[in-house]
Amino acid sequence: MQSTQLENITVDDIFLQAWKNHDIKASVLRLDKIHPVISGNKWFKLRYYLDDAVSNNKSTIITFGGAWSNHIVATAAACKMKNLRSIGIIRGKAEKYLSATLSQAAGYGMELVFIDRDKYSEKELPENIKDSNSYIIHEGGWGKMGSKGAATILDLVEKEEYSHICCAVGTATMMAGLITAAPSKATTIGINVLKNKPEAEENILSLIDSPEKKYLLIDDFHFGGYAKKTAELIAFMNHLYAETGVPSDFVYTGKLFFAIDNMIKQGFFPGNSDLLIIHSGGLQGNISLSKGTLIF
Ligand SMILES: *Cc1c(COP(=O)(O)O)cnc(C)c1O
């Protein structure tokens, strides 16, 4: 199996014609290039959990997610690489056909255990898989070790250059890590892709170690909630690709780029701003779109 390739990551200038009257610069950190499956922020969020599991002699990783979870498939692939057994506790009933994400996870050897939505929300492990040799990772890699891993994302760039660090927000684990690692003059901007602002705010507060850092959670671009999309969003993703060659996904980074484009055009960023936009991967999520929806 292909290993993760941090050396593939690039920092690329990005410019859209619509920004030409605005005095800002923007770069994209292409974490999507690490690996076709463990792309983007998931590898960073998982790294310390997996190290911790190995150093505590745990041979099985158990984690949680839905049928289209990037975290599930990234965990499956990372465990295969590290020769760890992996079990995915999946929300909902087993369908006759697995989603593309789950069949990929199963292909990496992850054992899938489906539990109904009520039990899932309690994060109660089924009796038969409780085992002292297993190591549990929260849904989405949420937690201190996840954000500590995400903080290392900024080791890849000359971070002092940037006035704003922009990312998509699900559990906010990545954002919390970025806030922690950001230079104190910078503002970290999170674009919420779920309709869960109070929870995301709480998650940030519980994970950051440096409350004096500047950050902003923006809630105007979730397009109705997790994995919800509109024709306008899809059109923008195609436009972004046509003008810049940067692919995005409709769950996370499409909403992030849409939001940043919108905020630039509204004059949100002061003159001379230098933005770093985190491309957190997730492109495999586009598999669920019908053919021809996207031009990339
Ligand atoms: C999981 C994911 C996120 C969200 O990360 P959180 O740490 O949960 O906020 C953002 N972008 C992509 C592509 C993801 O897969």
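Reader: What makes β5-β4-β3-β6 an open sheet with parallel pairing, and which strands stand at the edges?

Author: In this predicted model, four strands follow the order β5-β4-β3-β6 and pair in the parallel sense; strands here are DSSP runs of E with at least two residues, helices are runs of H or I with at least four residues, and both are numbered from the N terminus. β5 (111-115) and β6 (134-137) stand at the edges, because each has a single partner strand, so one side of each is left without a neighbour in the sheet. Local features of the model need pLDDT of at least 70 and side-chain atom pairs count only at pLDDT 80 or more, whereas totals for chains, interfaces and linings use all residues. Residues are numbered from 1 along each chain as its sequence is written, and side-chain values use heavy atoms, with hydrogens and water left out.

Reader: How do you know that β3 and β4 pair?

Author: Two strands pair if DSSP finds at least two bridges between them, and strand β3 (residues 60-65) and strand β4 (residues 85-91) have six bridges in the parallel sense, so they count as paired. In β4, S86 is the bridge partner of I61.

Reader: What makes the contact between K25 and D274 a salt bridge?

Author: The term asks for a side-chain nitrogen of Lys or Arg within 4 Å of a carboxyl oxygen of Asp or Glu, and the side chains of K25 and D274 meet at 3.7 Å, N to O, so the pair qualifies. K25 lies in strand β2 (residues 24-30) and D274 in strand β10 (residues 273-279), 249 residues apart.

Reader: Why is K25 called exposed, and is D274 buried or exposed?

Author: Buried means under 20% relative accessible area, exposed means over 50%, and partly exposed lies in between (1.4 Å probe, protein chains only). K25, at 55% relative accessibility, therefore counts as exposed, whereas D274 has a relative accessible area of 12% and is therefore buried.

Reader: Why does the salt bridge of D51 and K82 tie together separate parts of the chain?

Author: The side chains of D51 and K82 meet at 3.9 Å, N to O. D51 lies in helix α1 (residues 41-55) and K82 in the loop between α2 and β4, so the pair ties together parts that are 31 residues apart in sequence. D51 is partly exposed because its relative accessible area is 39%, and K82, with 41%, is partly exposed as well.
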